[in-house]
Amino acid sequence: MKELNLYDEKRDIFLDYAKAVGMLFVMYNHAYPIYGGVLSRFHVPIFYFISGILLFDSIRRYDSFRIFAIKRIKSLVLPYYIFGLLALIVYIIVSPHMIS
């Protein structure tokens, strides 16, 4: 497997900053929703668009798509199901006490 270097000279820093600004717009709109405003029309599409561009760059850094997919499953999907299962267990334990 190739060693990942986040400071690769071929990396486009502008895209990283644009993605960060997109994330800030999304977080701001979730904290202070302004429906119908200019910000609410483009904050999510710009974030997804830039994330999609950077996704292809991330895949290219690995020897194969299989290695990339396995790493993403281990780092994203597995914790999602573990915390979901823990939340379900807590809900099952706590919910009978909340009904009465």
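Phe65 and Phe68 sit three residues apart in helix 3, about one turn of the helix. This is a predicted model, in which local features need pLDDT of at least 70 and side-chain atom pairs count only at pLDDT 80 or more, while totals for chains, interfaces and linings use all residues. Residues are numbered from 1 along each chain as its sequence is written, and side-chain values use heavy atoms, with hydrogens and water left out.

**Overall fold and confidence**

Let us start with the whole chain. It holds three helices and zero strands, giving the pattern α-α-α along the sequence. Helices (H or I, at least four residues) and strands (E, at least two) are DSSP runs, numbered from the N terminus. The mean pLDDT, the predictor's confidence in each residue from 0 to 100, is 80 for the chain, and 80% of the residues score at least 70. Among the elements, helix 3 has the highest mean pLDDT (89), whereas helix 2 (residues 38–60) has the lowest (79). Where pLDDT is low, the predicted coordinates should not be read in detail.

Of the 100 residues in the chain, 16% count as buried; the word buried stands for under 20% relative accessible area, exposed for over 50%, and partly exposed for what lies in between (1.4 Å probe, protein chains only). The accessible surface comes to about 8500 Å², and carbon and sulfur atoms own 71% of that area. Areas come from the Shrake-Rupley method with a 1.4 Å probe, and for residues only the protein chains shown count as cover. As for contacts (heavy atoms within 4.5 Å), 55% of those between residues at least 6 apart in sequence join residues at least 24 apart.

**Aromatic residues**

Back to the opening pair. Rings of Phe, Tyr and Trp (its six-membered ring) pair if their centres lie within 6.5 Å; planes under 30 degrees apart count as stacked, over 60 as edge-to-face and the rest as tilted. The count by this rule is four aromatic pairs. In one of them, the ring centres of Phe65 and Phe68 are 6.0 Å apart with planes at 40°, so the pair is tilted. Tyr62 joins Phe65 and Phe68 in one aromatic cluster. The two Phe residues differ in cover: Phe65 is exposed at 54% relative accessibility, but Phe68 is buried at 6%.

**Helix 3 and its surface**

Helix 3 covers residues 65–99 and includes Tyr91, which is exposed with a relative accessible area of 55%. Tyr91 also belongs to a nonpolar surface patch of about 1200 Å² accessible area together, with Leu78, Ile82 and Phe83 among the other members. Ile73, also placed in helix 3, is partly exposed at 48%. Leaving aside residues up to four places away in sequence, Ile73 touches Leu78 and Pro79.

**Two buried residues of helix 2**

Which places in helix 2 hold Asp57 and Ser51 relative to residues far along the chain? The table sets out their C-alpha separations.

| Residue in helix 2 | Relative accessible area | Partner and sequence separation | C-alpha distance |
|---|---|---|---|
| Asp57 | 18% (buried) | Asp12, 45 residues apart | 9.9 Å |
| Ser51 | 19% (buried) | Leu15, 36 residues apart | 8.8 Å |

Asp57 and Ser51 both count as buried.

Technical notes
Patches are made of residues with over 30% relative accessible area and no salt bridge: like charges are joined within 9 Å, nonpolar side chains (Val, Leu, Ile, Met, Phe, Trp, Tyr) within 5 Å. A salt bridge is a side-chain nitrogen of Lys or Arg within 4 Å of a carboxyl oxygen of Asp or Glu.
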